[in-house]
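Grab your viewer and work through the exercises below. Each one has a task, then a solution in steps.

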Amino acid sequence: MARKTLIAGNWKMNGLLADGVDLAKGINTAVKSKGKWNCEFLVCPPFTLLTSVKKALRGAKVALGAQDCHFAEKGAHTGDISPVMLKEIGCSYVILGHSERRADHGESNELINKKAVAAHQQGLKTIICIGETEAERDAGKTINVCTLQIAGSVPDDATAADTVIAYEPVWAIGTGKTPTAKDVEEVHAAVRKALAKKIGKGNANKMRILYGGSVKPGNAKEFLSLPDVDGALIGGASLKVADFLGIAENAGC
Ligand code: PEP
């Protein structure tokens, strides 16, 4: 089975109601105007915009995702959102273990794994993020770090149908810096190998591995044409319709 390219936007903590609805409407119009795309689109707005964005995307083939969830179904977890709540309002995806959550909220591989299991139980697909810091890269530990993150944060029973991996070097996020295509190719191949060890070769070969970190229309082709790169997780550039769609166009979608 061919791996369908996934073009995913992570809006992070950006957008008030009017901005989010405008952006979603712009994406809706642009996606519909071409008709047939050779990729899957996903947007992940902040929790506060999910319901309005869902409405604004009506009729377009753009999936809705959240940026995090708790592992519990309900209960005494002030400020958290559960997978069943996300499912109810129309999400089909949730991003887990983004490096900003790992850094800002001390999220461990173990916690991310637990969240992923809970999300899958509710029928949500997960995008599990991994990636090395600049210091780890400089110390030559990139492959080791990513392999350990795969081993720890991906559930044992994850499949290509419920899980997507995003390789995002922390130092490339929002900085305009990117690894070389050769580096990305090498890490993605190593990630697929680590996945094969964890969930079996058949599953690993079908699982999508996205690249994330300063993806723009200008470098989309370079990264998304690599053999083990199956799409992009896009931060800053996903906040502009032309850039988000430009990435898809330039990636051959
Ligand atoms: C991200 O945070 O997931 C990301 C890749 O951000 P940016 O595209 O802005 O580097």
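Helices (H or I, at least four residues) and strands (E, at least two) are DSSP runs, numbered from the N terminus. One thing before you start: this is a predicted model.

**Exercise 1. Work out how many helices and strands the protein has, and check its radius of gyration against the globule rule.**

Step 1: run the assignment, and you get 11 helices and 8 strands in the protein.
Step 2: the radius of gyration of the protein is 17 Å, and the globule rule gives 18 Å for 253 residues; the two are close, so the protein is as compact as a globular protein of that length.
Step 3: for the extents, take the C-alpha trace along its principal axes, where the protein spans about 45 × 45 × 35 Å.

**Exercise 2. Describe burial, contacts, surface and charge for the whole protein.**

Step 1: start with burial, where 51% of the 253 residues count as buried.
Step 2: take the contacts between residues at least 6 apart in sequence; 73% of these join residues at least 24 apart.
Step 3: the accessible surface adds up to about 11500 Å², with 53% of that belonging to carbon and sulfur atoms.
Step 4: tally the charges, and you find 32 positive and 27 negative side chains, with the centres of the two sets 6 Å apart.

**Exercise 3. In which sense do β1 and β2 pair, and which residue in β2 stands opposite L6?**

Step 1: strand β1 covers residues 6–10, while β2 takes in residues 40–44.
Step 2: the two pair in the parallel sense, over 5 bridges.
Step 3: look across from L6 and you land on E40 in β2.
Step 4: as for cover, 4 of the 5 residues of β2 are buried, leaving that strand mostly covered.

**Exercise 4. Do the same for β3 and β4, then say which residues cover each side of β4.**

Step 1: β3 (residues 62–66) pairs with β4 in the parallel sense, over 2 bridges.
Step 2: the bridge partner of A66 in β4 is V94.
Step 3: β4 runs over residues 93–96, with Y93 and I95 on one side and V94 and L96 on the other.
Step 4: all four of these residues are buried, and both faces of β4 are covered.

**Exercise 5. Find where K12 and S214 sit, and say what stands out about phi in each.**

Step 1: recall the background: most residues other than glycine have a negative phi.
Step 2: K12 is not a glycine, yet its phi is positive at about 55°. You'll find K12 in the loop between β1 and α1 (17–34).
Step 3: S214 also isn't a glycine, and its phi is a positive value near 55°. This one is in the loop between β7 (208–212) and α10 (217–224).
Step 4: now test S214 for burial. The cut-off for buried is under 20% relative accessible area, and S214 has 10%, so S214 counts as buried.

**Exercise 6. Are A2 and T180 buried, partly exposed or exposed, and how far is each from a chosen partner?**

Step 1: A2 lies in the segment before β1. Exposed means over 50%, and A2 has 70% relative accessibility, so A2 counts as exposed.
Step 2: A2 and N205 are 203 residues apart along the chain, and 9.3 Å separates their C-alpha atoms.
Step 3: T180 belongs to the loop between β6 (163–167) and α8 (181–199). With a relative accessible area of 43%, T180 is partly exposed.
Step 4: T180 and V164 are 16 residues apart along the chain, and their C-alpha atoms are separated by 22 Å.

Terms used. Residues numbered from 1 in each chain as written. Predicted model: local features only at pLDDT ≥ 70, side-chain atom pairs only at ≥ 80, totals over all residues. Heavy atoms only, no water. Rg over C-alpha atoms; globule rule 2.2 N^0.38 Å. Buried < 20%, exposed > 50% of the residue type's maximum accessible area, 1.4 Å probe, protein only. Contact = heavy atoms within 4.5 Å. Areas by Shrake-Rupley, 256 points an atom, 1.4 Å probe, with all protein chains shown as cover. Lys, Arg positive; Asp, Glu negative; His and termini not counted. Charge placed at Lys NZ, Arg CZ, Asp CG, Glu CD. Pairing = 2+ DSSP bridges.
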